[in-house]
Amino acid sequence: MVQITSPRPGEGTTTTSTNLAVACARAGQRVVLVDCDLRRPRIHSFFGLPNDKGFTTSMVGASFDEVAQKVDGEPNLAIVSSGPIPPDPSELLSARTASAFIKLVAAEVDLVVIDSPPVLVVADPPIVSRMVDGVILVASAKQTERRQASDAADQLAQIDAPVIGTVLNAYDLDSGS
């Protein structure tokens, strides 16, 4: 299980999550992409899927089979959109049912990719990091300030989040900086 997060909004976590999930599925792994950004969910829109059911509805009893959506042309990929936005996302993510659902999904597939909101904005990413095997921190060369990237990495280190790497988006090799 891997979580994708960033320091601030708009740095490419959803794009990175989606690309990682699709690439691994095309390589033959059975992959589930879960949208745990319960504030500004976007995974469903990337695939043109509805968001009327998903992760949040699984917390009130919906099964994986009821919330998982297939993607045309991607037989090894299933999407669990966020579902309806809850009044308190951090509380919902902290519930035992959230980690139980993620563990249940992980037991059935080769890889679970979790898209989550930014570390420096809300309390949700540290909560999600306790459910995963690894965290990937995404930054944008054009927008992330070094201090923001450092603060996000420090915050994850303080809670012993299993950071396994970083992704730098929007880097221009010709810019030289």
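This passage walks through two helices, the nonpolar cores, the aromatic rings and the cysteines of a predicted model.

Helix α1 is a good place to start. It spans residues 13-26, 14 residues in total, and covers 20 Å between its first and last C-alpha, close to the 20 Å expected at 1.5 Å a residue. Quite a few of its residues are tucked away: Thr13, Thr14, Thr16, Ser17, Thr18, Ala21, Val22, Cys24 and Ala25 are buried. After the helix comes Gly28, with a positive phi near 105°. Two of the buried residues of α1, Val22 and Ala25, turn up again in the cores below.

One partner of this helix is Glu74, which sits in strand β4. Despite being a glutamate, Glu74 counts as buried, because its relative accessibility is 9% and the cut-off for buried is under 20%. Setting aside neighbours within four places in sequence, Glu74 is in contact with Val22 and Arg26.

Then there is helix α8, residues 146-158. With 13 residues, α8 reaches 18 Å from first C-alpha to last, close to the 18 Å expected at 1.5 Å a residue. Gln148, Ala152 and Leu156 are the buried residues to look at here. They take up an arc of only 70° around the axis, so they fall on the same side of α8. The spacing fits the usual helix geometry: with 3.6 residues a turn, residues three or four places apart point the same way. Over on the other side of α8, Arg146, Arg147 and Gln158 are exposed. As for what lies over the buried residues, the cover includes β1 (2-5), β6 (134-140) and β7 (163-169). Beyond the end of α8 comes Asp160, whose phi is positive, near 60°.

Strand β6, part of that cover, contains Gly134. Gly134 counts as buried, since its relative accessibility is 1%. Its contacts outside the window of four places in sequence are with Met1, Val2, Gln3, Pro162 and Ile164. Gln158, in contrast, is exposed; the C-alpha atoms of Gly134 and Gln158 are 15 Å apart, with their positions 24 residues apart along the chain.

On to the packing. The largest nonpolar core has 29 residues, and Val34, Phe55, Phe101, Ile102 and Ile114 are the ones with the most contacts inside it. Plenty of elements chip in: β2 (31-35), β4 (74-80), α5 (89-94), α6 (96-108), β5 (111-115), α7 (124-129), β6 and α8 each supply at least two residues of this core. The largest share, four residues, comes from α6. Ile102 gives a feel for how the core is wired: leaving out neighbours within four places in sequence, Ile102 is in contact with Met1, Val34, Phe55, Ile114 and Met131. There is also a second, separate core of 17 residues, with Val22, Ala25, Leu49 and Ile79 among them.

The aromatic rings come next. Searching the whole structure turns up two aromatic pairs. Phe55 and Phe101 make an edge-to-face pair, with 5.8 Å from centre to centre and 70° between the planes. Phe55 belongs to helix α3 (residues 55-58) and Phe101 to helix α6, so this pair ties together parts that are 46 residues apart in sequence. Both Phe55 and Phe101 are buried. The other pair is tilted, because the rings of Phe64 and Phe101 have their planes at 45°, with centres 6.4 Å apart. Here too distant parts of the chain are linked, with Phe64 in helix α4 (residues 64-67) and Phe101 in helix α6, 37 residues apart. Phe101 takes part in both pairs, and Phe55, Phe64 and Phe101 form one aromatic cluster. At 5% relative accessibility, Phe101 counts as buried.

Finally, the cysteines. A search of the whole structure finds zero disulfides. For Cys24 the reason is plain distance: the closest cysteine sulfur, in Cys36, is 18 Å from its own, which is too far for a bond. Both of these cysteines are shielded: Cys24 is buried at a relative accessible area of 16%, and Cys36 is buried at 0%.

Conventions: Residues are numbered from 1 along each chain as its sequence is written. This is a predicted model: local features need pLDDT of at least 70, side-chain atom pairs count only at pLDDT 80 or more; totals for chains, interfaces and linings use all residues. Side-chain values use heavy atoms; hydrogens and water are left out. The expected span of a helix is 1.5 Å times one less than its number of residues. Buried means under 20% relative accessible area, exposed over 50%, partly exposed in between (1.4 Å probe, protein chains only). The arc is that of the directions from the helix axis to the C-beta atoms. Contact means heavy atoms within 4.5 Å. A nonpolar core is a set of buried Ala, Val, Leu, Ile, Met, Phe, Trp, Tyr and Cys residues joined through side-chain atoms within 4.5 Å. A disulfide is a pair of cysteine sulfur atoms within 2.5 Å. Rings of Phe, Tyr and Trp (its six-membered ring) pair if their centres lie within 6.5 Å; planes under 30 degrees apart count as stacked, over 60 as edge-to-face and the rest as tilted.
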